[in-house]
Amino acid sequence: MVMHSDSQPPPAQRPPAEPAKAMLLPSMESALFINEIAEAIVATLDPTQLIPVVTEKVKQLLCADDACLLTAEPGGALAVQRDGRTTLVPPGEGVAGWVAQHGKPAFIPDTRNDLRYRPRAERPFEARSVAAVPLFIGTELCGVLEAVT
């Protein structure tokens, strides 16, 4: 079982770049996915229209059951919108909160074995695995993209 302390680290900042040799070249499918998202961003700057497009593309690429984009709020909370309702995830809570605080991606293959996982009311099922990545504009955290199965 993976254990994590409850101490609160400073707000997330973009981690230093990994050495180039550690990075993988994107597959053709990944490149097409990135292109589709870029086209959606260019087509609209309205986040209410963009978020569903991005999350659907993430679900398709990762064969996930669900995906969401949580936006960073003042004070460190994350906001997730579903069915016209906004739910706030407190700072540091769950996988997305951990990712936001640490500014690092997280992959949890089995949610039963990781204390960072917390079920969320707006999700209609219990997640078995979670992948989440922080999203930055420059060095400022703007959100977390999360996919679950």
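A residue counts as buried under 20% relative accessible area, as exposed over 50%, and as partly exposed in between. Keep those cut-offs at hand for this tour of a predicted model.

**Stop 1: two cysteines**

Select Cys142 to try the cut-offs out. Its relative accessible area is 30%, so Cys142 falls in the partly exposed class. Now select Cys63, which has 64% relative accessibility and therefore counts as exposed. You will find Cys63 in the loop between helix H2 (47–62) and strand E1. Have a look at the backbone there too: Cys63 has a positive phi of about 55°, although it is not a glycine. For background, most residues other than glycine have a negative phi. If you were hoping to draw a sulfur bridge, the structure holds 0 disulfides.

**Stop 2: the whole chain**

Zoom out and switch to a cartoon view. The protein has 3 helices and 6 strands, and along the sequence they follow the pattern α-α-β-β-β-α-β-β-β. Of the 149 residues, 36% are buried. Take the contacts between residues at least 6 apart in sequence: 49% of them join residues at least 24 apart.

Next, colour by pLDDT. The mean for the protein is 78, and 72% of the residues reach 70 or more. Among the elements, helix H1 (residues 28–43) has the lowest mean pLDDT, at 69, while H3 has the highest, at 95. Two stretches deserve a cautious eye. Select residues 1–6: the pLDDT is below 50 here, and the stretch has 10 contacts in the model beyond near neighbours in sequence. Then select residues 17–25, where the pLDDT is also below 50 and the model shows 1 contact beyond near neighbours in sequence.

**Stop 3: helix H3**

Select residues 94–102. How many of the 9 residues of this helix are buried? The count is 8, so helix H3 is largely enclosed by the rest of the structure. The buried ones are Gly94, Val95, Ala96, Gly97, Trp98, Val99, Ala100 and Gln101.

What covers them? Show the strands around the helix: the cover includes E1 (66–72), E2 (78–82), E4 (106–108), E5 (130–137) and E6 (140–148).

Stay in helix H3 and pick Gln101. This glutamine has 15% relative accessibility, so it counts as buried. Draw a distance from its C-alpha atom to that of Gly76, and you should read 8.0 Å, although the two residues are 25 apart along the chain. Then step just past the end of the helix to Gly103, which takes a positive phi of about 65°.

**Stop 4: the cavity**

Turn on a cavity display if your viewer has one. In general, rolling a probe the size of a water molecule over the atoms shows where empty space is left. A search of the whole structure finds 1 cavity of 30 Å³ or more, and the largest cavity has a volume of about 60 Å³. It is lined by 11 residues, and the closest to its centre are Gly94, Val95, Arg118, Arg120 and Glu146; show these five as sticks. Helix H3 turns up again here, since it gives the most to the lining, with 3 residues. What is the lining made of? It divides into 5 nonpolar, 1 polar and 5 charged residues.

**Stop 5: Leu69 in strand E1**

Move to Leu69, in strand E1. Is Leu69 buried or exposed? At 18% relative accessibility, it counts as buried.

Which residues touch Leu69, leaving aside its neighbours within four places in sequence? Select Ile51, Val54, Thr55, Ala79, Val80, Leu135, Val144 and Leu145. One of these partners, Val80, is 11 residues away in sequence, with 6.6 Å between its C-alpha atom and that of Leu69.

**Last stop: Lys57 in helix H2**

Finish on Lys57, in helix H2. Its relative accessible area is 22%, so Lys57 is partly exposed. For one more distance, join the C-alpha atoms of Lys57 and Ala67: these residues are 10 apart in sequence and 9.0 Å apart in space.

Note on methods. Residues numbered from 1 in each chain as written. Predicted model: local features only at pLDDT ≥ 70, side-chain atom pairs only at ≥ 80, totals over all residues. Heavy atoms only, no water. Buried < 20%, exposed > 50% of the residue type's maximum accessible area, 1.4 Å probe, protein only. Helix = DSSP H or I, 4+ residues; strand = E, 2+ residues; numbered from the N terminus. Contact = heavy atoms within 4.5 Å. Disulfide = S-S within 2.5 Å. pLDDT = per-residue confidence, 0-100. 1 Å grid on protein atoms, 1.4 Å probe; cavity = no way out; pocket = protein on both sides within 12 Å on 5 of 7 lines; lining within 4 Å. Points joined across faces, edges and corners; volume = space filled by probe spheres on them. Nonpolar A, V, L, I, M, F, W, Y, C, P; charged D, E, K, R; others polar.
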